[in-house]
Amino acid sequence: MATLIRKLISTGNAARVIAPYNQAVVADRTVYVSGCLGMDKTTMQLVPGGAAAQTEMALKNLEAILIAAGSGIDKVVKNSVFLKDLNDFGEVNEAYKKVFCKDFPARSCFQVAKLPMDALVEIECIALTGDVKTISAQ
């Protein structure tokens, strides 16, 4: 029986984790990225400017982690978006569409009672590594 590799991912190109978990874990060719907040990697504080600004920064952190894992935005298959207030849905979508602009991954979006650091947005994803071909079944 072949041994599967479980690779722990950590990069200084994204905000550090704030609890006992890894930024991501790669299992076989699948990347599981932990929830990313809209935190500046230098100050480790949430960026000002509301839900859109925090979404943009969370996605920058997410992308940096994906790259460190040998993946990328184009290889994301599922995102989960957690919002402090579902009224920010439209604003978050506008920021989200700047990064995920074609071949959209599957996605869930939830309003939650509270996020770490009282963030407005948290985004996690599942992605693939290696060569990935996208086809549309219509």
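Among contacts between residues at least 6 apart in sequence, 70% join residues at least 24 apart in the protein chain. That is a handy place to start with this predicted model, and the rest of the report works from the overall fold down to single residues.

**Overall fold**

The protein chain holds two helices and six strands. Followed along the sequence, these elements come in the order β-β-β-α-β-α-β-β. The C-alpha trace spans about 50 × 40 × 25 Å along its principal axes. A compact globule of 138 residues would have a radius of gyration near 14 Å, and the 15 Å of this chain agrees with that.

Of the 138 residues, 41% are buried. The accessible surface of the chain comes to about 8100 Å², and carbon and sulfur atoms account for 54% of that surface. As for charge, there are 15 positive and 14 negative side chains, with the centres of the two sets 5 Å apart.

**The nonpolar cores**

Which residues touch the most other members of the largest nonpolar core? They are Val 31, Val 33, Leu 62, Ile 65, Leu 66, Phe 100 and Val 121, in a core of 26 residues. Two or more residues of this core come from each of strand 2 (24-27), strand 3 (30-37), helix 1, strand 4 (76-83), helix 2 (89-99) and strand 6 (121-128). Helix 1 gives the most, with seven residues.

Leu 66 offers a close-up of this core. Leaving aside neighbours within four places in sequence, Leu 66 is in contact with Val 31 and Val 33. Its other contacts on the same terms are Ser 71, Gly 72, Ile 73, Val 76, Cys 125 and Ala 127.

Apart from the largest core lies another core, of seven residues, which include Leu 37, Met 39, Met 44 and Leu 115.

**Two buried polar residues**

Now for a pair of amides. Gln 54 lies in helix 1 (residues 50-68). Its relative accessible area is 6%, so Gln 54 is buried. Not counting residues up to four places away in sequence, Gln 54 touches Gly 38, Leu 46 and Val 47, along with Ala 119, Leu 120 and Val 121.

Asn 79 lies in strand 4. Is Asn 79 buried or exposed? Asn 79 counts as buried because its relative accessibility is 0%. Not counting residues up to four places away in sequence, Asn 79 touches Leu 62, Tyr 96 and Phe 100. On that count Asn 79 also touches Pro 105, Ala 106, Arg 107 and Ser 108, as well as Ile 123, Glu 124 and Cys 125. Leu 62 and Phe 100 have already appeared, among the residues that touch the most other members of the largest core.

**Residues in the loops**

Four loop residues are set side by side here.

| Residue | Loop | Relative accessible area |
|---|---|---|
| Gly 12 | between strand 1 (6-9) and strand 2 | 64%, exposed |
| Asp 28 | between strand 2 and strand 3 | 55%, exposed |
| Asp 103 | between helix 2 and strand 5 (106-111) | 55%, exposed |
| Met 117 | between strand 5 and strand 6 | 36%, partly exposed |

Gly 12 and Thr 42 are 30 residues apart in sequence, and their C-alpha atoms are 9.3 Å apart in space. For Asp 28 and Arg 16, the separation is 12 residues in sequence and 24 Å from C-alpha to C-alpha. Asp 28 does have contacts beyond its sequence neighbours: not counting residues up to four places away, Asp 28 touches Leu 4, Ile 5 and Thr 129.

The other two loop residues are worth a look for their backbone angles. Most residues other than glycine have a negative phi. Asp 103 has a phi near 45°, a positive value in a residue other than glycine. Met 117 also has a positive value, with phi near 60°.

**In short**

To recap, this is a predicted model with two helices and six strands. Its largest nonpolar core has 26 residues, and helix 1 gives the most to this core. Gln 54 is buried in helix 1, and Asn 79 is buried in strand 4. Out in the loops, Gly 12 is exposed, whereas Met 117 is partly exposed.

Methods. Residues numbered from 1 in each chain as written. Predicted model: local features only at pLDDT ≥ 70, side-chain atom pairs only at ≥ 80, totals over all residues. Heavy atoms only, no water. Helix = DSSP H or I, 4+ residues; strand = E, 2+ residues; numbered from the N terminus. Rg over C-alpha atoms; globule rule 2.2 N^0.38 Å. Buried < 20%, exposed > 50% of the residue type's maximum accessible area, 1.4 Å probe, protein only. Contact = heavy atoms within 4.5 Å. Areas by Shrake-Rupley, 256 points an atom, 1.4 Å probe, with all protein chains shown as cover. Lys, Arg positive; Asp, Glu negative; His and termini not counted. Charge placed at Lys NZ, Arg CZ, Asp CG, Glu CD. Core = buried A, V, L, I, M, F, W, Y, C linked by side-chain atoms within 4.5 Å.
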